[in-house]
Amino acid sequence: HHTSSLMAQPFDVSNYRRFQLMRFSIEEINNSSSLLPGVTLGYNIFDHCSDTQNIPGIFSILSGKDPIDPWATRHGNVTKVTAVVGAYTSSMTRTVAPLFMPSHIPLISYGASSSIFSQKLNYPSFLRTVHPNKDVVDVIVHMLQHFQWQWVAFLHIDNDYGNDGRNVFMKMIQDKDICLAYTKKLDENTNYTTILKQIQIQNIQVIIVFATEQVAENLIESAIEMNVTNKTWIAVDSWSLNKKIPKLSGIRNIGTVIGVAEPDVTIPGFNKFIRALEIENQPGEFCNQFCNCSDLNRSEIVRAENSFNFPVYAAVHAIAHALHNTLQCGDKKCHKNSTSPHMVLSELKRSNFSLLNHTIEFDRNGDPRFGTFNIIFWNSSGEAEVVGVHKFQPSSHFSVNESKIQWHNSTVPSSVCSSECQPGFRKSLVGIHKCCFKCVICPSSTYINSSEDQYTCLSCDETEWSPEASTACNKRVVEFVPFEDAFAVVIMVGTVCLVGLCLLTSVLFALNYNTPVVRSAGGPMCFLILGCLCLSSISVFFYFSIPTVASCLLRFFPFLLFFSVCLACFVVRSFQIVCIFKIAAKYPSLQCWWMKYHGQWLIITLAFVVQATMLIFGYSFSPPAPFSDREWEQSQIILSCGIDFKANTASVILLLVLCCLCFTFSYMGKDLPKNYNEAKSITFCLLLIAMTWVIFVTQFILYQGKYIHTFNALAVVSSLYSFLLWYFLPKCYIIVFQPQRNTTQYFQGLIQSYTKTVSQ
C-alpha cells in the first residue's frame, strides 16, 4: 500500500503527471518477470491537499480498509501497509511522518527536502529520493562563488521547506565571501511591492527565490508589473522547470533567470502509457478528492513540467527491490510470501541497484547518494536550457558553460556591496556585513596576505621591509663599510701617513731639541702632543668592518681621551705665551707659582684624569655597543655603534671647555712676535677643527647612511691633521729650510722690536 501527493487546488497537471508515473511504475514492476516474480503489488493513492482533512485517510491506510476504532482489542498486525511513498512537500511530510515512525513503516518522499528529515532520531524510517536542501543550497553557493556574486537577496516561502532552505544557506555562507543582504518570507499575504523596492534600494542584483511554483509565479508577475529590470534570478528545483513563467509577457525585462534543476531523465514507456490512458471525463470523486478532469488531455500531461519524476520512479523501484530481497525472490519465484515493514526498511537502507544508468543508494541519514543537478538558463525562446552540471559523487564538482548564457547586459553581471580592494589594501568593515567595507592602504613596513586575512596589515620582521600597499615583505640589505672600501682605504692610508709624519716630526724635534723654534713650540710638551695625536688616530681603524663590542669601544675611547690631552696641552701652551708677554709683568707672583709647581703639567694631568674618569664611569653604565639602524633606509640594515649621548655628555663638555679656553688664550696672543706667535697657529687649528665638526654634525643630521661612519673617521683624521699641519709643519719648515731664523739672536731681535712697539 502506498500513498502519494496528487492534486492541490487549483488542479496541477505536474502533480497529476507524477500520480500517473507512480501507477506506471507499479504496473511496470507487476509486469516484470525478473523483479518480484509471481508477486503483485497493490496500492492506494490519495491526494494530500490538506493536513487536517486528510488525517482520517492516513488512519485508514494504517488500519487497512476499516476505520480505526480506538477502543477495539488489537489482534496481531493491524496495518497491511508495507511502505509509503510521499508526501510531496516538507510541510506535508512533517505532518504525516510521525504517524508512520513508531511502527517503522518505511516512508520514502520524492519531494520533501527539509534538513530535519535527516535526523534519524526523530525520523528513523524516513528515506527520500530527492536531494535535501543542503545539496540544493550547495549548488547555489557554488554558483555564487563561480560568478563572484557577493551581495544577494534570499526570498523564501514561509513553510518548513523555505525556512529550512534559508537556515541552511545562512550557515553555509558564514565562512565565505557571500553576504545575505536581504531576506524575506513569502506567503499569500506578502506585499511584493515593498520587497522589490527594498531590493532596489539596497542595490541587490542577484535574487535567490527558494519557493514553490505558485509563490514564484506571484513574485515574478509582481516584478514584471513594477518594471524591475536587469536582475539575476536564481530558481531552485521546485520551480526552475516551470512552463508558465517563461511565457509571461515582459519576462525578458526582469533580467536573467538561471537555476538548479534535476536532470530530465526519460522513463521508457511512460509516454506510451499516458497516450493509452483513459481519462475520467465526468466530474466526480477521484482519489479522495472531487476532480473535474473533463478538460484534461493526454498531450497536456506529456508536455507538463516533469520535475521530481525520476524521484517518484526511483522511490517505487527502491521499495520493489527491498521487497524482492526480503521475500527472497529469485529469477522465477519468491521463496517467502510475507514480510514486515521493518524488514523492508532494513533492505531499503542497504539499497544498491541500477536504474536508468543511476546506482540507487542511500546514506545513513536516508538521503540519496545518486543523482546530479543541472544548471539551467531560461533562454529567449522560454526554454530551460542546460548550461552546466553539479555532481555529488564521488566528490562535489561544479561546472558551467558561460558562453551559453545570454546575460541581460551582455556580460556576467556584478552584485557586490563594495568593490574588491586593490592589492596592498586592507578591508575596514562598514556596517554589519562583511561584504561592505572601505579599502585602507597598508603603510610601509607592513603587508597584507589577502588569502589568509583581508582585514589586517601584518608587520614585517625586523630583517624585512616593504613599501606601502605591499603584499609581501622584502629582505633588508645589511650595509656596513668594509676595510676594502675605497674611501676606507684612503682614510686608513692617510692615518698611517699621519702617524709616520708624527714620528718624523718627533725625530726632527729631538735632533733640534735645544733650538729656539723647538723651545718656543713647547719643548718636551711637543712630544706629548705628537704622541697623543698618534694614539688618537687608533680610533680611525675601528670605524670600518662589522661592528663588535670591542670595536665600538675603541671607536670613541682613544680619540676622546687623548685628543682631550692634546687640547689641554694647547690650552697650557696658549696660556704660557700670554703669561710670558702680558701677565708676567702685571702679576709676577702668578708666574712664580706657575714656575715653581709646574702648573702646565698639573693642568694636563688633571684634564687627563678627569676625562679618563668620566669616560670609564660613563662606559661602565652604558658602553657603546653594536647597533642595527633600521630607521634611516627601510630597505637596509645599517650596522653601526650605538652610543648613549647622555652618558658621554660630560666628556664632550670637557672637550668643548678645553677648546674654548684654548681659543680664548690663543686669541689674546694674536699680536705677539712672529716666531713666538704659536697663538695664531693654535687659533687657526681650532677654527679648522670647529669647521670640520660643524660640517660633520650637519652631515649627520641630513644623512645617516652607512657612509656616515666614513665621514666620522674623516672628521677625526682632519682634526688630527689640523694640529700636525698647521702647528708643527711650519716649525719643521723653519728648522729644515730656514735655519737662519732658528737662532737665539733672531728671536732676541724680535722680542726687542715687540718691546719697543708696546712701550710706544
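**Entry 1: a term to begin with**

I call a residue buried when its relative accessible area is under 20%, and exposed when that area is over 50%, with partly exposed in between. I applied this to C526, which at 0% relative accessibility counts as buried. I also note at the start that I am working with a predicted model.

**Entry 2: does C526 have a partner?**

Which cysteine sulfur is closest to that of C526? I found it in C569, at 9.3 Å, and this is too far for a bond, since a disulfide needs two cysteine sulfur atoms within 2.5 Å. I then looked up C497, which is partly exposed, with a relative accessible area of 39%.

**Entry 3: the disulfides**

How many disulfides does a search of the whole structure find? The search gives seven, and I followed three of them, starting with C179 and C435, whose sulfur atoms are 2.1 Å apart. C179 lies in strand β5, while C435 lies in the loop between β16 (425-429) and β17 (437-441), so this pair ties together parts that are 256 residues apart in sequence. The link of C179 and C435 is right-handed, with 95° about the S-S bond. For the surroundings I noted that C179 is buried at 4% relative accessibility, and that C435 is buried with a relative accessible area of 3%.

My next pair was C417 and C436, joined by a disulfide with an S to S distance of 2.0 Å. This link is right-handed too, with 110° about the S-S bond. C417 is in the loop between β15 and β16, and C436 is in the loop between β16 and β17, 19 residues apart. Are C417 and C436 buried or partly exposed? I found that C417 counts as partly exposed at 31% relative accessibility, whereas C436 counts as buried at 10%.

The third pair I took was C552 and C641, also joined with an S to S distance of 2.0 Å. Here the torsion about the S-S bond is about -80°, so this disulfide is left-handed. C552 belongs to helix α15 (residues 549-586) and C641 to strand β24 (residues 636-642), so the pair ties together parts 89 residues apart in sequence. Both C552 and C641 are buried.

**Entry 4: the sheet that holds β5**

Because C179 had led me to strand β5, I turned to the sheet of that strand. Eight strands form an open sheet, which I wrote down in the order β5-β4-β6-β7-β8-β13-β14-β15, with mixed pairing. Which strands stand at the edges of this sheet? They are β5 (179-186) and β15 (397-400), each with a single partner strand, so one side of each is left without a neighbour in the sheet. On average, neighbouring strands of the sheet are turned by 20° against each other, direction ignored.

I reminded myself that strands of a sheet pair through backbone hydrogen bonds, either parallel or antiparallel. At the β15 edge, strand β14 (residues 384-391) and β15 pair in the antiparallel sense over four bridges, and in β15 the bridge partner of K391 is H397.

**Entry 5: helices across the sheet**

Finally I looked up two helices that lie across these strands. Helix α4 (residues 133-146) lies across β4 (151-157), β6 (206-210), β7 (231-235), β8 (255-261), β13 (372-378), β14 and β15, and runs at about 170° to β6. Helix α5 (residues 160-172) lies across β4, β5 and β6, running at about 155° to β4.

Methods
Residues are numbered from 1 along each chain as its sequence is written. This is a predicted model: local features need pLDDT of at least 70, side-chain atom pairs count only at pLDDT 80 or more; totals for chains, interfaces and linings use all residues. Side-chain values use heavy atoms; hydrogens and water are left out. Two strands pair if DSSP finds at least two bridges between them. Axes are lines fitted to C-alpha atoms, for helices over the stretch in contact, and angles run from 0 to 180 degrees between N-to-C directions. Contact means heavy atoms within 4.5 Å. Buried means under 20% relative accessible area, exposed over 50%, partly exposed in between (1.4 Å probe, protein chains only).
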